[in-house]
Amino acid sequence: PANDLTYRAPVIITMDGRHGPAVGGTPLFIEGEGFGVPTGGNISQTIVDYDGLKVFVGDTPCAVVTMKDANNLVCITPAGCGKNEPVTVQVGGQKSKVDPRFHTFTYDAPQVVTMSPKEGNPAGGQLMTIVGSSFGTPATCGGKPNITIAGRQCALIDGATALKAVQ
């Protein structure tokens, strides 16, 4: 019909904040075009879903998006895991295209800080506590962490604040 209007999809020009912890919380500074303008000219407002404006890391939306002006957004990354997750801006159902060289986010790899006990029975069966960061969670990483010690798979017992596993 003659009255239908179409708009160009949003475009990401630059993005700062390319990696961060699995718990999320890393600010992504996104400059681009076609993000829209906040109602009433209220620039620098925190939005959850302004006129369909969303920012995604992979398939997960950022919980907090702040629109600095019509061309600049700040997204606080959601919890997750993985490398080179595409970052997209969506307005009115249209998503930006991803340039994999520039529009991706990588969650930090898991880091073990301490492990106890440090020695155990070679036959296995030892309960171990592994403390570190960026382990992710089953909800954000699509399953339980994969834990191996000396090439042997461990059974995860608990993973709320530290990993507890049986070798």
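This passage walks through the fold, the confidence and a few side-chain sites of one predicted protein model.

Some ground rules come first. The model is predicted, so local features need pLDDT of at least 70 and side-chain atom pairs count only at pLDDT 80 or more, while totals for chains, interfaces and linings use all residues. Residues are numbered from 1 along each chain as its sequence is written, and side-chain values use heavy atoms, with hydrogens and water left out.

On the whole-chain level, the secondary structure amounts to one helix and 17 strands (DSSP runs numbered from the N terminus, helices being H or I of at least four residues and strands E of at least two). Of the 167 residues, 32% are buried; here buried is under 20% relative accessible area, exposed is over 50% and partly exposed is in between, with a 1.4 Å probe and protein chains only. Among contacts (heavy atoms within 4.5 Å) with a separation of 6 or more, 53% link residues 24 or more positions apart.

Confidence is uneven along the chain. The mean pLDDT (the predictor's confidence in each residue, from 0 to 100) is 81, and 80% of the residues score at least 70. Strand 11 has the highest mean of the elements, at 95, and strand 4 (residues 45–47) the lowest, at 47. Residues 39–48 stay under 50 throughout, and the model has 23 contacts beyond four places in sequence for that stretch.

His103 makes a good stop on the tour. This residue sits in the loop between strand 10 (94–95) and strand 11 (104–107), and counts as buried because its relative accessible area is 6%. Setting aside neighbours within four places in sequence, His103 is in contact with Ile12, Ile13, Met15, Glu85, Pro86, Val87, Lys97 and Val98. With Ile12 there is a polar atom of the His103 side chain 3.3 Å from the backbone oxygen; a polar contact is a pair of N or O atoms within 3.5 Å, where within protein one must be able to donate a hydrogen and the other to accept it, and residues adjacent in sequence count only if both atoms are side-chain atoms. The C-alpha atom of His103 is also 7.8 Å from that of Thr14, although the two are 89 residues apart along the chain.

Next come the aromatic rings. The structure has one aromatic pair: Phe105 and Tyr107 meet edge-to-face, 5.0 Å centre to centre with 80 degrees between the planes. Rings of Phe, Tyr and Trp (its six-membered ring) pair if their centres lie within 6.5 Å, and planes under 30 degrees apart are stacked, over 60 edge-to-face and the rest tilted. Phe105 and Tyr107 are both buried.

Gln90, in strand 9 (residues 85–91), is buried too, since its relative accessible area is 15%. Beyond four places in sequence, its partners are Pro10, Gly52, Leu53, Lys54, Phe56 and Lys95. Two of these residues turn up again: the charged end of Lys95 sits over the ring of Phe56, 4.1 Å from its centre (NZ of Lys or CZ of Arg within 6 Å of the ring centre and within 35 degrees of the ring normal).

As for cysteines, there is one disulfide, a pair of cysteine sulfur atoms within 2.5 Å. Cys62 and Cys75 form this link, S to S 1.7 Å, and at -50 degrees about the S-S bond it is left-handed. Cys62 is in the loop between strand 6 (60–61) and strand 7 (64–69) and Cys75 in strand 8 (residues 72–76), so the bond ties together parts 13 residues apart in sequence. Both Cys62 and Cys75 are buried.
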